[in-house]
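Got your viewer open? Let's take a walk through this one, selection by selection.

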Amino acid sequence: MSETAESPVVYAPIGVIRSEHRLAEETPIQPVCARGCRGQAEIKPEYAEGLKDLDGFSHLILIYHLHRAGPPLLTVKPFTDNRERGVFSTRHPQRPNPVGFSVVRLKKIAGTTLHLEDVDILDGTPLLDIKPYIPRFDSVDGPRGGWTEEVAEGTARSRGRRGYRGNNAVKD
């Protein structure tokens, strides 16, 4: 039987993300707004072998399930803007498929625990996959930022921190 676009897609978490962020409204919206925020990815033991050679990378792309996102919306007001936008032109969590990603800094690996920095992810978030950030493949020349370029840098960073109040980081 071949898969089609209408076939269900099912993923099983490979672990859980731990962070200081307990409330969505106090969680920075992007890693750039979460500088210094520590966290951990606790990987299930059955996936330990998959962590081999990961320690040579400075950054990781974490792909996760936005388990507290709420019902999907097709237009949203982004956290950094005052206008309604199509959800696919944003990184808003209330999406038809609540999948998120973050580029985080890998500090160290201890067993099946990845110690991370610049974590903008809610504590307890199910981790779906890990990919290494590879500068020669993941960096692009001449990117455009669409409507986000209309938002002043200071405004974006201030609003991007949301209600984040400090850095009670998860200890290494």
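Start by selecting strand E1, residues 15-19, together with E2: 5 bridges join the two, and they run antiparallel. This is a predicted model, by the way, so keep that in mind as you click around. While you're on that pair, pick Ser19 and look across to E2, where Gly39 stands opposite.

Now widen the view. Where do E1 and E2 sit in the order of the barrel? They open the series E1-E2-E7-E6-E3-E8, in which 6 strands close into a barrel with antiparallel pairing. Look at how the strands cross: neighbours in this sheet are turned by 45° against each other on average, ignoring direction. As a reminder, strands of a sheet pair through backbone hydrogen bonds, either parallel or antiparallel.

Next, the largest nonpolar core, which has 17 residues. Select Leu60, Leu62, Leu114, Leu116, Leu127 and Ile130; these touch the most other members. Colour by element and you'll find that the ones giving two or more residues to this core are E2 (38-43), E3 (59-65), E6 (99-110), E7 (113-117) and E8 (125-132). E3 supplies the largest share, with 3 residues.

Zoom in on Leu116 and show what surrounds it. Leaving out residues up to four places away in sequence, Leu116 touches Cys37, Arg38, Gly39, Gln40 and Ala41, then Leu60 and Leu62, and finally Val104, Arg105, Leu106 and Lys107. You've met Gly39 already, as the residue opposite Ser19.

Time for a charged side chain: select Arg85, in strand E5 (residues 85-86). Is Arg85 buried or exposed? Its relative accessibility is 10%, so Arg85 counts as buried, the cut-off being under 20%. Add Asp81 and draw a distance: a polar contact of 2.8 Å joins the two side chains. Beyond four places in sequence, Arg85 is also in contact with Leu74, Thr75, Val76, Pro78, Thr90, Trp147 and Glu150.

Last stop, the backbone torsions. Most residues other than glycine have a negative phi. Asp53 has a positive one, near 75°, and Asp118 does too, near 70°. Asp53 is found in the loop between E2 and E3, while Asp118 lies in the loop between E7 and E8. Switch on a surface for both: Asp53 is at 53% relative accessibility and so counts as exposed, whereas Asp118 is buried, with a relative accessible area of 3%.

Methods. Residues numbered from 1 in each chain as written. Predicted model: local features only at pLDDT ≥ 70, side-chain atom pairs only at ≥ 80, totals over all residues. Heavy atoms only, no water. Core = buried A, V, L, I, M, F, W, Y, C linked by side-chain atoms within 4.5 Å. Buried < 20%, exposed > 50% of the residue type's maximum accessible area, 1.4 Å probe, protein only. Helix = DSSP H or I, 4+ residues; strand = E, 2+ residues; numbered from the N terminus. Contact = heavy atoms within 4.5 Å. Pairing = 2+ DSSP bridges. Axes fitted to C-alpha atoms, helices over the stretch in contact; angles between N-to-C directions. Polar contact = N/O pair within 3.5 Å; in protein donor to acceptor, adjacent residues only side chain to side chain.
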